[in-house]
Amino acid sequence: MSFRSIACAVALTMFALPVAALAAEDGAPYVPMSQLAPADEYFGHAKLSVLGIANHIKDAGARLDEGANPAKVFDGPLAFVEDSIRDWEHQFPNDPWIARDLYGLELAYLRAQSPRGVSLAHHAADWLVADYPDSPLCGDAQVALGYGPDPRDSAGSTADAWTRFAALRAPLPPH
């Protein structure tokens, strides 16, 4: 084996170890890239990308906070999101971002503070728990519905849960 081959192998190992360590630190299992949806893949009738889905959820929550008509948000952007997530899940069932977006969808529905919003939030939480029972977000989904104390929020409010979800999808700061 040549010196160049050995040097390349050592360099690749040195760069791969920190990435593996980061994946192990956050408690999430390693998911091969082939099981993750590419950012330029489009799902559902509305042809939303994974980023488009996240943005629709975040925007819907913000609109509901601003007093938008919940029925228009539920039957518009969030209906597109549900259809797109179903298609995404069909094609990439092991993608961990699906569980995060289902949790975000639940929280967006709860932002409406209406009986229909609560009903839809229960539907999203049930979907999350049924299809991703090993996700740590299942517990958070139950807490958001008021089924248990949130160790991070003594008041049990969904406001902090929404802030945490929005932070997961926050844009990166400029360099």
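Q: Is Arg116 buried, partly exposed or exposed?
A: Keep in mind that this is a predicted model. The relative accessible area of Arg116 comes out at 37%. Buried would need a value under 20% and exposed a value over 50%, so Arg116 ends up being partly exposed.

Q: Which residue forms a salt bridge with Arg116?
A: Look for a carboxyl oxygen within 4 Å of a side-chain nitrogen of Arg116. The closest N and O atoms in this pair are 2.6 Å apart, and the partner of Arg116 is Asp75.

Q: How many residues apart in sequence are the parts that Arg116 and Asp75 tie together?
A: Start with the salt bridge itself, which joins Arg116 and Asp75. Arg116 belongs to helix H6 (residues 115-131), while Asp75 belongs to helix H3 (residues 70-75). The pair therefore links parts whose separation in sequence is 41 residues.

Q: How many salt bridges does the count come to?
A: We've already met the pair Arg116 and Asp75. Asp65 also forms a salt bridge, with Arg111, and there the closest N and O atoms are 2.7 Å apart. The count comes to two.

Q: Which helices hold Asp65 and Arg111?
A: These two residues form a salt bridge with each other. The pair ties together parts 46 residues apart in sequence, because Asp65 sits in residues 50-65 and Arg111 in residues 96-111, that is, in helices H2 and H5.

Q: Does Arg111 count as buried or exposed?
A: Its salt-bridge partner Asp65 is partly exposed, at 44% relative accessible area. Arg111 has a relative accessibility of 18%. The cut-off for buried is under 20%, so Arg111 counts as buried.

Q: What distance does H2 reach from its first C-alpha to its last?
A: H2 has 16 residues, and at 1.5 Å a residue you'd expect 22 Å. Several H2 residues are buried, including Ile53, Ile57 and Leu64. The helix comes close to that expected span, reaching 23 Å.

Q: Which residue just after H2 takes a positive phi?
A: Follow the chain past the end of H2, which covers residues 50-65. The residue there with a positive phi, about 95°, is Gly67.

Q: Where does Lys47 lie?
A: Lys47 has a positive phi, near 55°, though it isn't a glycine. Lys47 is exposed, with a relative accessible area of 53%. Its place is the loop between helix H1 (3-25) and H2.

Q: What is the relative accessibility of Gln113?
A: Gln113 lies in the loop between H5 and H6. Its phi is positive, near 50°, in a residue other than glycine. Gln113 counts as exposed, with a relative accessibility of 73%.

Key
Residues are numbered from 1 along each chain as its sequence is written. This is a predicted model: local features need pLDDT of at least 70, side-chain atom pairs count only at pLDDT 80 or more; totals for chains, interfaces and linings use all residues. Side-chain values use heavy atoms; hydrogens and water are left out. Helices (H or I, at least four residues) and strands (E, at least two) are DSSP runs, numbered from the N terminus. Buried means under 20% relative accessible area, exposed over 50%, partly exposed in between (1.4 Å probe, protein chains only). The expected span of a helix is 1.5 Å times one less than its number of residues.
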